[in-house]
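This report covers surface features and charged side-chain pairs. The structure is shown first.

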Amino acid sequence: MTELITGLDLVKEQLRVASGEKLSERVTNRTMRGHAIEIRVCAEDPLNQFLPDVGKLKHFRVPQGPGIRVDSGYEEGDEIPIFYDPLMAKLIVYAEDRISAIDRMIEAIRRFDLRGVASTLDFCRWVMEHPDFREGWFDTHFIARKFSPEMLEEKLNNEEKQALAIAALMLRDAKQPAESPQDSSAHSNGGNWKRRSVPQRFGI
């Protein structure tokens, strides 16, 4: 986040100091601009007390675009083992102000295609969308006071219902036959038209 709001490469600056150089003016006199937010994408199950999860990353396609940065050592097809920290990726976004950064993070989470193990993505999206978080009314007790697994589960179920409804409408529209020019002409003439019989040779 510091790199995004300052434009500095911190690793590069650390190497300079380690080699004996002094901090340059571009570091000491640097001004910060904009707003950055980072979330930890962990193999943890928010619906089960954030217990670690293991498995194979069947899908691991990270979001890309202006103001979006993903730091990760995993790729699609990798196994998430039990021997290490459950952190899979750090998702960082940058925007000109805090609300814009929150909205960009929500969109980045939506575009993060991660399947195969449980993750904190949906939980982080819940936090970003919470009115208190957006208004800045939060502290270290925010999760204990505001979050329960049932809230996240209900939200996910509602989204699944909406997705199914949209899919059903798309399927219905796809099955409806396209209107022929003749049918269109008949409708324009006040509906005074007759359905023509189909020749029996077509088996109908």
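Isoleucine 82 is exposed, with a relative accessible area of 64%. The model is predicted, and the values below are computed from it. Isoleucine 82 sits in the loop between β7 (79-80) and β8 (87-95). Together with Val54, Phe83 and Tyr84, Ile82 makes a nonpolar surface patch of about 520 Å². Isoleucine 82 can be counted in such a patch because patch residues need over 30% relative accessible area, and the value for isoleucine 82 is 64%.

The loop between β7 and β8 also holds aspartate 85. The side chain of aspartate 85 meets that of arginine 40 in a salt bridge, at 3.7 Å from N to O. Arginine 40 belongs to strand β1 (residues 35-42), so this pair ties together parts that are 45 residues apart in sequence. The N to O distance of 3.7 Å qualifies because the cut-off for a salt bridge is within 4 Å. Neither partner is buried: aspartate 85 is partly exposed, with a relative accessible area of 48%, and arginine 40 is partly exposed at 41%.

Side chains of opposite charge can pair when their charged atoms come close. In the whole structure, a search finds 13 salt bridges. Three of them are listed here, with the N to O distance and the relative accessible area of each partner.

| Pair | N to O distance | Relative accessible area, acid | Relative accessible area, base |
|---|---|---|---|
| Aspartate 85 and arginine 40 | 3.7 Å | Aspartate 85, 48% | Arginine 40, 41% |
| Aspartate 71 and arginine 69 | 3.2 Å | Aspartate 71, 26% | Arginine 69, 32% |
| Aspartate 132 and lysine 146 | 2.9 Å | Aspartate 132, 23% | Lysine 146, 29% |

For arginine 69 and aspartate 71, the side chains meet at 3.2 Å, N to O. Arginine 69 counts as partly exposed at 32% relative accessibility, and aspartate 71 is partly exposed too, at 26%.

Which helices does the salt bridge between aspartate 132 and lysine 146 link? The closest N and O atoms of aspartate 132 and lysine 146 are 2.9 Å apart. This pair links distant parts of the chain, with aspartate 132 in helix α6 (residues 131-135) and lysine 146 in helix α7 (residues 142-146), 14 residues apart. Aspartate 132 has a relative accessible area of 23% and is partly exposed; lysine 146 is partly exposed at 29%.

Salt bridges can also share partners: Arg61, Glu76, Asp113 and Arg115 are joined in this way into one network.

Definitions and conventions
Residues numbered from 1 in each chain as written. Predicted model: local features only at pLDDT ≥ 70, side-chain atom pairs only at ≥ 80, totals over all residues. Heavy atoms only, no water. Patch = residues over 30% accessible without salt bridge, like charges linked within 9 Å, V, L, I, M, F, W, Y side chains within 5 Å. Areas by Shrake-Rupley, 256 points an atom, 1.4 Å probe, with all protein chains shown as cover. Helix = DSSP H or I, 4+ residues; strand = E, 2+ residues; numbered from the N terminus. Buried < 20%, exposed > 50% of the residue type's maximum accessible area, 1.4 Å probe, protein only.
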